[in-house]
Amino acid sequence: MTEKLLSTVKIERNGDGIAWVYINRPEKRNAMSPQVHRDMSEAFDELELDDDVKIVVIAGEGGVFSAGQDLKETFRGLENDPAERFRQEQRYGKWRWERLWNFPKVTIAMVDGWCVGGAFTHFIACDFAITSDEAQYSLSEVNWGIIPGGMVSKAVVEAMGYRAGLYYCMTGERFDGARAVELGLANFAVPSAELKARTQAFAEEMMKKNQNVVVATKQVYRAIKRGMDFDQSFDYMSAKFTQLKATDSNRGYDTGLSAFVDEKSYRPAHDPYPMSTAE
Ligand code: COA
């Protein structure tokens with residue numbers, strides 16, 4: 001295993017294509033200080049260019065995903081400098097929303113312990129989320145005098161239904177991992193003691209797939225979700241399909257088709273992933 005330590009972020013690579021990125025401030029419940037944002041930006045710059053990494057798991061050291069923005073360093077620290085605060089917020093938003101949302105590799109949020117406020121942004125920006133049953137979620141902003149700002153409300157609107165999203169934003173009420181699955185925020189919930197192993201198992205299943213196709217699939221899904229009508233969606237999907245066939249170094253389309261049609265050795269719809277309980 002190789003381990004890279006930035007001052008507030010730890011990256012583990014085990015040579016199996018999966019990188020584990022931990023926010024590493026457990027004594028502050030992995031609250032995101034300006035340094036965390038800088039380190040996460042650096043981590044994703046590096047992981048994007050690391051050809052040996054196919055899948056990135058984001059988690060928090062010490063059994064806590066993240067207590068959100070650092071209230072002391074980020075809020076109190078920039079209280080009297082709204083212009084700098086605005087600039088910082090844009091910078092903080094970048095790695096989580098632009099970067100992670102568009103990341104050209106599979107991303108998984110592994111949530112244990114607390115996931116609060118600003119942590120919803122990178123939690124939701126990941127492609128998949130696996131939670132412990134015991135994890136605790138709260139859009140706590142309303143409890144201390146602010147709105148779920150930055151990108152939090154936008155992320156919640158993207159991921160939750162109208163009634164539930166508004167409810168949790170307006171009440172700040174806590175919910176657990178099982179409820180996160182019910183709400184469609186997480187794909188499945190497992191006991192905390194099994195979280196790492198189950199996440200590893202899921203990542204290994206995803207590793208078996210053609211990564212070019214998986215990434216193109218998420219790009220299409222997200223582009224459509226951001227706002228395209230039927231005609232635009234059809235055009236975009238046709239163009240993406242053509243692009244993928246031309247650029248897929250694994251030639252997944254040709255090999256998959258001949259395995260089914262000619263060799264009769266494969267049935268794509270016969271192999272549902274056994275662990276997922278997601279709808
Ligand atoms: N910003 C800055 N510091 C934070 C923090 C945050 N978001 N969340 C926790 N910490 C710090 C605490 O101040 C404390 O620091 P100290 O040891 O120097 O006093 C340390 O982390 C441990 O926190 P503590 O509250 O004792 O831990 P806990 O396990 O009992 O509770 C939480 C954990 C997450 C429930 C609680 O810390 C909390 O409510 N944090 C605020 C979360 C929040 O509202 N975030 C929204 C930001 S957008």
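**Exercise 1. Contacts of the ligand**

Find which protein atom lies 2.6 Å from an oxygen atom of the ligand, and list the other polar contacts, meaning pairs of N or O atoms within 3.5 Å.

*Solution.*
Step 1. Start at Ser140: an N or O atom in its side chain is 2.6 Å from an oxygen atom of the ligand.
Step 2. Add the backbone contacts. Leu71 has a polar backbone atom 2.8 Å from a nitrogen atom of the ligand, and a backbone N or O atom of Gln69 lies 3.0 Å from a ligand nitrogen.
Step 3. Look at the cover. On its own the ligand has 870 Å² of accessible area, and the protein covers 60% of that (areas come from the Shrake-Rupley method with a 1.4 Å probe; for residues, only the protein chains shown count as cover).

Before you go on, please note that this is a predicted model, in which local features need pLDDT of at least 70 and side-chain atom pairs count only at pLDDT 80 or more, while totals for chains, interfaces and linings use all residues. Residues are numbered from 1 along each chain as its sequence is written, and side-chain values use heavy atoms, with hydrogens and water left out.

**Exercise 2. The shell around the ligand**

Work out how many residues of the shell around the ligand are nonpolar, polar and charged.

*Solution.*
Step 1. Collect the residues near the ligand, those with a heavy atom within 4 Å of it. There are 13 residues around the ligand, and Lys28, Arg29, Ala67, Leu71 and Ser140 come nearest.
Step 2. Sort them. Ala, Val, Leu, Ile, Met, Phe, Trp, Tyr, Cys and Pro count as nonpolar, Asp, Glu, Lys and Arg as charged, and the others, Gly among them, as polar.
Step 3. Read off the result: six nonpolar, three polar and four charged residues.

**Exercise 3. Two residues in one loop**

Decide whether Arg29 is buried, partly exposed or exposed, and do the same for Asn30.

*Solution.*
Step 1. Locate the residues. Arg29 is in the loop between β3 (18-23) and α1 (34-49), and Asn30 lies in the loop between β3 and α1. Helices (H or I, at least four residues) and strands (E, at least two) are DSSP runs, numbered from the N terminus.
Step 2. Check the backbone. Arg29 is not a glycine, yet its phi is positive, about 50°. Asn30 also has a positive phi, near 55°, in a residue other than glycine.
Step 3. Apply the cut-offs: buried is under 20% relative accessible area, exposed is over 50%, and partly exposed is in between (1.4 Å probe, protein chains only). Arg29 is partly exposed because its relative accessibility is 46%. Asn30 is at 0%, so this residue counts as buried.

**Exercise 4. Asp70 and its partner**

Find which backbone atom lies 2.8 Å from the side chain of Asp70.

*Solution.*
Step 1. Go to the loop between β4 (55-60) and α2 (71-75), where Asp70 is found.
Step 2. Judge the exposure: Asp70 is buried because its relative accessible area is 6%.
Step 3. Name the atom. The backbone nitrogen of Lys72 is 2.8 Å from a polar atom of the Asp70 side chain.

**Exercise 5. Salt bridges across the chain**

Trace the salt bridge of Lys4, then that of Asp127.

*Solution.*
Step 1. Use the rule: a side-chain nitrogen of Lys or Arg within 4 Å of a carboxyl oxygen of Asp or Glu. The structure holds 19 such bridges.
Step 2. Lys4 meets Glu46 at 2.6 Å, N to O. The two are 42 residues apart, with Lys4 in strand β1 (residues 2-5) and Glu46 in helix α1.
Step 3. Widen the view: Lys4, Arg13, Glu46 and Asp50 are linked in a network of salt bridges.
Step 4. Asp127 pairs with Arg222, their closest N and O atoms being 3.0 Å apart. Asp127 is in the loop between α4 (119-125) and β7 (128-132), and Arg222, 95 residues away, is in helix α9 (residues 211-227).
Step 5. Arg222 counts as buried because its relative accessible area is 11%.

**Exercise 6. A nonpolar patch**

Identify which helix gives the most to the nonpolar patch.

*Solution.*
Step 1. List the members: Phe241, Tyr253, Leu257, Phe260 and Val261 form this surface patch, with about 470 Å² of accessible area together. Patches are made of residues with over 30% relative accessible area and no salt bridge; like charges are joined within 9 Å, nonpolar side chains (Val, Leu, Ile, Met, Phe, Trp, Tyr) within 5 Å.
Step 2. Helix α11 (residues 252-261) gives the most, with four residues.
Step 3. Check one of them: Val261 is in helix α11, and this residue is partly exposed because its relative accessible area is 46%.

Methods:
Polar contact = N/O pair within 3.5 Å; in protein donor to acceptor, adjacent residues only side chain to side chain.
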